[in-house]
Amino acid sequence: MNDYDIRRPTPADAAAIHELVAEHDIAVTGKPDWTLDDIADTLGELDLEHDSWVVRSGGRLVGWGYARRKGASDNVDVDVQAREPGAAALVWDLVLGRAGDLAREAGHDHAVVDVSVYEQDAVMREAAKERGFAPATSFHRMRADHAGVRPLFLAGVTVEAGSREGEEVLRVAHAVQQEAFAEHFGFVPKTFDEWADEMEASSANDWTQLLLARVHGEPAAMLLGTDHFVPDENCGYVRTLAVRPAFRGRGLGRLLLTRAFEADERRGRVGTILHVDSNNTTPALGLYQSVGMRPVLVIDVWRALVRPTR
């Protein structure tokens, strides 16, 4: 441990952290999965004074990690990236200790800690297992490649796009999303301001890619697209697709997806990407396959219960 220099990261560390993460991703999946903007956005979202660390050895960055609580809940996401086992063990200890503290600070006696692991990442799986984690669910990254997309239409359904100035549409879409996701894995309620602030803090945000579907005037479904996969894949990204329970089974998800695909193709994007929980409370995986999407990557979520150490 004395060989390591441990400190809090700053935004200036983004490039070095990106190099570390890209090196890991290439080794595991064959290509980088985070862009430099993704890292910069993550650093901007974290409380860097309390919730994140970088580890150096011999002047080189060898580890990075963070713990991030979801709102005031007991659910904490962690990430650990390291170039060597000693640094990895150190970062694991730091983020899990902070996860327990974050839960205590929010009034909970334990933290429900989640870590995302690529399906083929044997080293990370073993590290999680050694620390009491077990698989909780899997997210499939799906991709559709575009060649003349034809958007769907349904009788009685209108679709309205978001805008930077149209707060009313954003508020209605947020309400749809909150209701639709209430029973999904890892869901923690957010106020409109919390949701909007989180989106606007991202360099990939574009409110014009939000779609709100109404059935005979009643809000029923929403889709939120972003630019997360434009720099590296030239693909659109469906960050959120939500259908209120009372309106499921009517084809609204398919309708909004085809509208998003058509818009992405118009923007010159070669495809559209999204993530879907394989244990979703709705049959979402089948929906995405039915509109021509295919799985290209699996990310498992491992979960453990962690109690504060003091």
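1. How many bridges join β8 to β9, and do these strands run parallel or antiparallel? In this predicted model, β8 and β9 run antiparallel and are joined by six bridges. Within this pairing, L211 has L223 of β9 as its bridge partner. The hairpin formed by β8 and β9 has two residues between the strands, and H216 adopts a positive phi near 50 degrees there.

2. Strand β8 is also paired with β7: five bridges join the two strands, which run antiparallel. One bridge in this pairing places L212 of β8 as the partner of E160.

3. The burial of β8 deserves attention. The strand is mostly covered, with six of its six residues buried. Its side chains divide into two sets: L210, L212 and R214 point one way, while L211, A213 and V215 point the other way. Both sets are buried, and the charged residue R214 is among the residues concerned.

4. Helix α5 (residues 167-180) has the expected length. At 1.5 Å a residue, its 14 residues should span 20 Å, and the end C-alpha atoms are 20 Å apart, so the two values agree. For this comparison, the expected span is taken as 1.5 Å times one less than the number of residues.

5. The buried residues of α5 include V169, L170, V172, A173 and V176, and also H174, Q177 and Q178. The buried residues of this helix pack against three of the strands discussed above, β7 (157-161), β8 (210-215) and β9 (218-226), and also against α6 (192-200) and β10 (235-243).

6. A separate set of pairings involves β6. Strand β6 (residues 134-145) pairs with strand β12 (residues 294-306) in the antiparallel sense over nine bridges. In this pairing, S138 stands opposite D300 of β12. Strand β6 also pairs with strand β11 (residues 271-277), again in the antiparallel sense, over seven bridges. Here the bridge partner of R143 is I273 in β11.

7. The second largest pocket contains about 400 Å³ of space. Its lining comprises 19 residues, of which A82, E84, A88, V123 and M124 are the closest to the pocket centre. Two or more lining residues come from each of α1 (14-29), β4 (75-82), α3 (85-105) and α4 (122-130). Helix α4 gives the largest share, six residues.

8. As to the chemical character of that lining, the second largest pocket has eleven nonpolar, two polar and six charged residues.

Note on methods:
Residues numbered from 1 in each chain as written. Predicted model: local features only at pLDDT ≥ 70, side-chain atom pairs only at ≥ 80, totals over all residues. Heavy atoms only, no water. Pairing = 2+ DSSP bridges. Helix = DSSP H or I, 4+ residues; strand = E, 2+ residues; numbered from the N terminus. Buried < 20%, exposed > 50% of the residue type's maximum accessible area, 1.4 Å probe, protein only. Contact = heavy atoms within 4.5 Å. 1 Å grid on protein atoms, 1.4 Å probe; cavity = no way out; pocket = protein on both sides within 12 Å on 5 of 7 lines; lining within 4 Å. Points joined across faces, edges and corners; volume = space filled by probe spheres on them.
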